[in-house]
Structure formats: structure tokens, C-alpha cells
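Okay, thanks for making time, everyone. I'd like to walk you through one model today, piece by piece, so have a look at the screen.

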Amino acid sequence: MKEKVLILGLSKSGIAVAEYAVKKGYDVYITEGNPPKEEYLQKIDYFKSLGIKIETNGHSDKFISDAKFAVTSPGIPPKSEIFRMLKEKNIPIISEVEFAYENTDTPFIAITGTNGKTTTTALVSHILNANFKAPYCGNIGVPPTTLINENNDYLVCEISSFQAQMTEKFKPFISVWTNFTPDHIDWHGGLENYFNAKAKIFSGKQAPKYVVLNENDKKLSEFANECKASKVFRFDTDKYDNCCYIKNNAFWFKENGKSEFIINISDCGLVGHHNYQNIMCGIICTKLCGMDNETIMEKIMTFKSPEHRLEKVRELNGITFYNDSKATNPEASIVAINSFNNTNVALILGGRDKNTDLTEMCDSINKHIKTVLLIGEATERFEKNLKNNGFDNIIKESSMENAIDKAIDLKPDVVLLSPACASFDMFNSYEHRGEVFKKYVLSK
């Protein structure tokens, strides 16, 4: 009798698991709580022709019973009704990343963090692909299950806190933690739960061979002491025998107390200290995979920032436009804001408010930004906080296009979209918001 696997959510990751599982001889069931998206209607018909059972608009008790295990999509919270139903039936729930890991021998390089993980994931893959076959996957948009039948040397996998939490056996070759700041608190039910979700893939029974941590993040610096089962590398410091650091405007890698020059900052295509931290992560990971320094340097020089992450859009009449739409929380926007020194910057800010503390962001704006242009639902609270922190050069606009036009009239050196908010008040997603910004800027 075939083993029954239950897939939670008709999503990109769920579809990847279904296609793989049916080929492996599982009895595959997909349960989706909402109406199916139009883009998946043809896929549903195709799956049914393969013998895959699908239900939508809810989760029936009869449909989910007797599953050997369930594979969840990242967006389904642990407090959901379907999780409760499965736990009552003692049906194990794992992430798609865990499913992929259990079905391949390819080593994983797992990269997590509140901010910076997508850029770091793309950079590590970009460097490794000079000598290896090392595609990026995971939360960056490619389910690792789609790659496990390929002859890869490494899978460079961006891991969200949601994905990490739903793992028990996932044991990467390298685990990287770029930084830790408050985010997804409601989803996890508290800041400590959010931290512990990510921490699973760094210590204990899931400890990797190598751990890479941000020494300038106090929480992660302290956490390094808990990673005793792994060899720990720290970045943004030169105080340890195993680390990566900046000295004399250049990046250096140190292992077992011996330092090696890698690349000058001036030769890198990325800007801002947060991106320098991403580069340090990339250097450590690729050195641990055996890459030579010259190749690492050449690949860093040719790397460009992923879309919507402090992405340079164009230069026009002396103004440089940057799209940082992925900055959906104040911490992410602070990183972008702090990337500009002694520059006249017009910042487009706002969207759907996450109601997080704005004090630190207002301090950064006071130091680095000349003009703030506010859009979206957060306008009133952001304006009040900015003024309470002594910043008055504020312009309120009703649309992205109007904000761009007004910013251009100001003739700054830089126009920066870094909203510090979710996008759903005016746009379908942060990607949609960034595309609107880019399209309008490029039309000028």
C-alpha cells in the first residue's frame, strides 16, 4: 500500500513536493484552505490526471486522515486550523526544505537572517558557480525540491524563520545567520520564539559542520557560544582565529589565525555596510567550499544586487535612483538609509504600518536624509514620529508617481525608495511596489 503524503497549500513549494512525491510512488493529497488561484487551475487538472487528490476552500477531516506526514507551505502559521487538526491526529508536519533535504545527498548551505539573506544567498551561489554547480533556492523563490534530481554540488538555500521552525532533521553543511532584529512577531507568538525558530539549524541535533555569525549583532555574538558542535566563523571582526573582516578598505579572511587578502572595497559593486557584511558571509562560505581567492575576487566584482534590494535603477540628470522595496520593516530601511553619507537623499517612505518602534529609524533619517516623502496608510504615524524626533522636512503625497515627481523637482543626489512598511495598502506585494517605482523612473 502506498504511503500517503499530505501537502498543505497549493503553492509553488507545495506543487514542487507533489510533482516529486507522485514520481516516487507516494499517494499524494493536497489540501488548500482558499479558492485556487487562477494560475494553478491548469495544474490542478494535470495533477488529477496523475492521481493526485486535491481539495480547496477548506480542510476536511476525512481528506487529511491517515497521512504518514504533511509538508507545509511557508505561509501557513502554526496557529492555523489545519495545524491543530494534524496535531490532534499526531501527523508530523515538516517544511518543504526538510522534505528536499531528506530526499537528496547534496549538501545545503543554509542562509537565514532578518535582513540580507537574499543578497547573501545570491552572492554565494554566484561565486560558487565559477567552480561548482550550486544553484540558489528556498525562500528566494526556487523550491529546493525542484533541484534534488539534478547533479548539484551544493544547494545554496535561503531559509526563512517559518521554514526553519518546521524542521527536525535538516542539518546543513554551513549555516549562516546574517543578523537578528524584530520581525514576524505575531506569526511566531513572540520575539524569543522567532529567534528560536532560526536557531534550530545552528545547534543541537541539527548543528551544521560550519556556523557563520554576525559578531556585531549582540544576540548572535552571544549565541556563538551555544554552537559548540560546529566550527564557528564570525564576520565583521578580526578578533578571532576564524573570521572575516574589513581592514584598510579591503576584505580579509582568517582561518586558524592566518589572514588572507580577498578584495578591495572599491572593487565591489555593492554599496553600504550591510552589503559589506553580505560580502563577508559570501567570502567565508565560498572559502569553506574550497574556492581560491582570485576567483572569489572576480566573482564579487561582477555581482549585482538582487532586484528590490538597494537596487540601482538608473542615473538621470545627476540623480541616482535606488529601489529598496524589499525593506518592509524599519530595521531594513535603516540599513539602506545608513548606506548614504554626506549625500542629499530624498527618501520615499510608507505603506501598511507594522506598528513597530520608529525611534532608531528616525535617528538615522536625521543623520542621513534631507527630505522624506510619505505615502500610504502609515503617513500620519510616521509624520508624528519624525516630527517628535526633530525632523520636519516632510512631504506627503497620494501616490508613488507623485512622490517620484516631487523628489525629482527637489534635485537631490539620490532618490531612495525604502518604505519600512508592508506594501498591501497600495500594491499587491513588495515586488509590485518596486516594479511600479522602476517603471515610472525609467519612463522619465
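I'll go through the sheets, then the cores, then some helix pairs and a few loose ends. One caveat up front: this is a predicted model.

Let's start with the nine strands that form an open sheet with mixed pairing, in the order 7-8-6-9-10-11-12-13-14. Strand 7, residues 136-138, and strand 14 are the edge strands, and each of those pairs on one side only. On average, neighbouring strands here are turned by 25 degrees against each other, if you ignore direction.

Moving inwards, strand 6, residues 108-112, runs parallel to strand 9, residues 174-177, with four bridges between them. If you want an anchor for the register, Ile109 sits opposite Ile174 of strand 9. Further along, strand 10 (residues 210-214) and strand 11 (residues 231-235) are also a parallel pair, this time over five bridges. There the register has Tyr210 opposite Lys231 of strand 11.

So how many of the five residues of strand 11 are buried? Four of them, so strand 11 is largely enclosed by the rest of the structure. And a general reminder while we're on strands: in a regular strand, side chains alternate between the two faces of the sheet.

On to the other sheet. This one is open too, with six strands in the order 15-16-20-17-18-19, and again the pairing is mixed. Strand 15 (311-316) and strand 19 (394-396) are at the edges with a single partner strand each, so one side of each has no neighbour in the sheet. The twist from one strand to the next averages 20 degrees.

Inside this sheet, strand 17 (residues 345-349) and strand 20 (residues 414-417) are parallel, paired over four bridges. Val345 has Val414 of strand 20 as its bridge partner. Two helices to point out here. Helix 15, residues 379-388, packs on the sheet and touches strand 17, strand 18 (371-374) and strand 19, with its direction at about 170 degrees to that of strand 19. Helix 17, residues 430-442, packs on the sheet as well, touching strand 15, strand 16 (319-323), strand 17 and strand 20, and makes about 20 degrees with the direction of strand 15.

Now the cores. The largest nonpolar core has 46 residues, and Val28, Ile30, Trp177 and Leu213 have the most contacts inside it. Helix 1, residues 12-23, brings the largest share, five residues. Which residues does Trp177 touch, leaving out those up to four places away in sequence? Among them are Thr112, Gly113, Phe195, Phe202, Val212, Leu213 and Phe235. Apart from that core there's another one, of 38 residues, including Ala122, Leu123, Ile296 and Phe303.

Next, helix pairs. Helix 6 (residues 117-128) and helix 11 (residues 273-288) have axes that come within 9 Å and cross at roughly 40 degrees. That is why helix 6 and helix 11 count as oblique to each other. The crossing is right-handed. On the helix 6 side, the contact includes Thr119, Leu123 and Ile127, and on the helix 11 side, Ile279, Gly282 and Cys285 are among the residues involved. Helix 6 also lies across strand 6, strand 7 and strand 8 (155-158), running at about 170 degrees to strand 8.

For the other pair, the axes of helix 13 (330-337) and helix 14 (residues 359-368) also come within 9 Å, crossing at roughly 15 degrees. So helix 13 and helix 14 are roughly parallel, and helix 13 passes helix 14 in a left-handed crossing. Helix 13 makes the contact with Pro330, Ser333, Ile334 and Ile337, and helix 14 with residues including Met361, Ile365 and His368.

Last bit, the backbone, for anyone who checks phi values. Asn256 has phi near 55 degrees, which is positive in a residue other than glycine. Where is Asn256? In the loop between strand 13 (250-255) and strand 14 (258-264), and it is exposed, at 58% relative accessible area. Asn342 has a positive phi of about 55 degrees too, and is not a glycine. Asn342 sits in the loop between helix 13 and strand 17, and is exposed at 86% relative accessibility.

Note on methods:
Residues numbered from 1 in each chain as written. Predicted model: local features only at pLDDT ≥ 70, side-chain atom pairs only at ≥ 80, totals over all residues. Heavy atoms only, no water. Pairing = 2+ DSSP bridges. Axes fitted to C-alpha atoms, helices over the stretch in contact; angles between N-to-C directions. Contact = heavy atoms within 4.5 Å. Core = buried A, V, L, I, M, F, W, Y, C linked by side-chain atoms within 4.5 Å. Buried < 20%, exposed > 50% of the residue type's maximum accessible area, 1.4 Å probe, protein only. Parallel < 35°, antiparallel > 145°, perpendicular 65-115°, else oblique. Left-handed = near helix turned anticlockwise from the far one by under 90°.
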